[in-house]
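Student: I have a structure on my screen and would like to learn how to read it. Can we go through it feature by feature?

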Amino acid sequence: MSTATAVSTMLALADWFVQSGGISGERGRMAAHLARGAALPDIFTEVPAPSVATYSPEPGPVAEGALVGFEFGQVPAELLDALSHLGALRVTPWRMLLIEGASAMPDLPGLITQPNDPMLRVIACTGAPGCLQAAQPTRALARLLAPHLPEGTILHVSGCSKGCAHPGPTNFTLKAQAGGFDLIRDGHARDLPLRWGLTAEYLAAHPAILREAS
């Protein structure tokens, strides 16, 4: 699919979503819209070609240049501008950018350049005050707890019970509520917590509580 075709297809899908009633109260989610019985037009239901590989690279040097990831999967405009001066940028299927021809890994705030970066172990939504439905700030706490997580585990810090940033289960989930955070182990943000009302200050001072909750 060409770039022009991809853009026009995405715009057509967005237009269908709005015109078919996907927006309610200035918000809308495709999964909820389909669950209510909306039927996608045939053009959007074609089965894609099977993947020819399950290759999933990690951040770091590659033959074509440098693969870089981003904290919480977001690229601030200033960071994208700085990267654009290092070489041609190529979007990849792995939530990373390839800096073509780069001979060294860049050192910029918010950039993930190593496969063992602790920030790869945390997921967090926008949180308060950016999201009106979030009960607490999320990303500062996720960033603080990341170095304390065992390798191979994932922490999801969610501003509310919807779990927008990650719909699946994780090893640890902190769900925000008015009095702090509820701790869930091996589950979703909507699941029953093991601990209730843990403040961000308490979690920062006692990060080992995540592992003690097993």
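Tutor: We will take sheets, salt bridges, backbone oddities and then the empty spaces. Keep in mind that this is a predicted model.

Student: Let's begin with sheets. How do I read one?

Tutor: Strands of a sheet pair through backbone hydrogen bonds, either parallel or antiparallel. Read off the strand order, then the sense of each pairing. Here, 5 strands form an open sheet in the order 6-7-8-9-10, and the pairing is mixed.

Student: Which strands are the edge strands?

Tutor: Strand 6 and strand 10 (195-198) are the edges, as each pairs on one side only. From one strand to the next, the twist averages 20°.

Student: How many bridges join strand 7 to strand 8?

Tutor: There are 4 bridges, and the two strands run parallel. For a landmark, find Ser158, whose bridge partner in strand 8 is Lys175.

Student: What does strand 4 pair with?

Tutor: Strand 2 pairs with strand 4 in the antiparallel sense, over 4 bridges. Ala66 has Ile99 of strand 4 as its bridge partner. Strand 3 also pairs with strand 4, again antiparallel, over 3 bridges. There, Arg90 is matched with Leu98 in strand 4.

Student: Arg90 carries a charge. How do I look for salt bridges, and how many are there?

Tutor: Side chains of opposite charge can pair when their charged atoms come close. The cut-off used here is 4 Å from nitrogen to carboxyl oxygen. The count is 3 salt bridges.

Student: Which residue does Arg90 meet in a salt bridge?

Tutor: Arg90 meets Glu100, at 2.6 Å from N to O. Arg90 sits in strand 3 and Glu100 in strand 4, 10 residues apart. Both ends are partly exposed: Arg90 has 41% relative accessibility, and Glu100 has 30%.

Student: What about the other pairs?

Tutor: Glu71 and Arg143 form a salt bridge at 3.0 Å, N to O. This pair links distant parts of the chain, 72 residues apart. Glu71 lies in the loop between strand 2 and helix 3 (77-84), while Arg143 belongs to helix 4. Arg143 is partly exposed, at 38% relative accessibility. Then there is Arg185 with Asp186, where the closest N and O atoms are 3.8 Å apart.

Student: Is Asp186 buried or exposed?

Tutor: Asp186 counts as exposed because its relative accessibility is 52%, and the cut-off for exposed is over 50%. Its partner Arg185 is partly exposed, at 25%.

Student: Now the backbone. What should I look for?

Tutor: Check phi signs and peptide bonds. Asp186 is worth a second look: its phi is positive, about 55°, although it is not a glycine. It is placed in strand 9 (residues 180-187).

Student: Where is Arg95 found?

Tutor: Arg95 is in the loop between strand 3 (89-91) and strand 4 (97-100). Those strands make a hairpin with 5 residues between them, and Arg95 takes a positive phi near 60° there. Arg95 is exposed, with a relative accessible area of 68%.

Student: And the peptide bonds?

Tutor: Go to Ala128 and Pro129. A cis peptide bond joins them, with omega about 0°. Pro129 lies in the loop between strand 6 and helix 4 (139-145).

Student: Last topic: empty spaces. How do I read a pocket?

Tutor: Take its volume, then its lining, then the chemistry of that lining. The largest pocket holds about 890 Å³ of space. It is lined by 41 residues, and the closest to its centre are Gly73, Arg95, Leu120, Val122 and Ile123. So Arg95 comes up again, an exposed residue that helps line this pocket. Strand 6 gives the most to the lining, with 3 residues. The lining divides into 20 nonpolar, 13 polar and 8 charged residues.

Student: What is the volume of the second largest pocket?

Tutor: About 160 Å³. Its lining has 10 residues, with Val62, Glu64, Leu67, Trp94 and Leu98 nearest the centre. These 10 lining residues divide into 7 nonpolar, 1 polar and 2 charged.

Student: How many cavities of 30 Å³ or more are found?

Tutor: The search finds 1. About 30 Å³ of space lies in the largest cavity. Its lining includes Ser161, His166, His188 and Arg190. By type, the lining splits into 2 nonpolar, 4 polar and 2 charged residues.

Terms used. Residues are numbered from 1 along each chain as its sequence is written. This is a predicted model: local features need pLDDT of at least 70, side-chain atom pairs count only at pLDDT 80 or more; totals for chains, interfaces and linings use all residues. Side-chain values use heavy atoms; hydrogens and water are left out. On a 1 Å grid over the protein atoms alone, a cavity is a set of points where a 1.4 Å probe fits but cannot get out, and a pocket is an open set with protein on both sides within 12 Å along at least five of seven lines; lining residues have an atom within 4 Å of a point. Grid points are joined across faces, edges and corners, and a volume is the space filled by probe spheres set on the points. Ala, Val, Leu, Ile, Met, Phe, Trp, Tyr, Cys and Pro count as nonpolar, Asp, Glu, Lys and Arg as charged, and the others, Gly among them, as polar. Buried means under 20% relative accessible area, exposed over 50%, partly exposed in between (1.4 Å probe, protein chains only). Two strands pair if DSSP finds at least two bridges between them. Axes are lines fitted to C-alpha atoms, for helices over the stretch in contact, and angles run from 0 to 180 degrees between N-to-C directions. A salt bridge is a side-chain nitrogen of Lys or Arg within 4 Å of a carboxyl oxygen of Asp or Glu.
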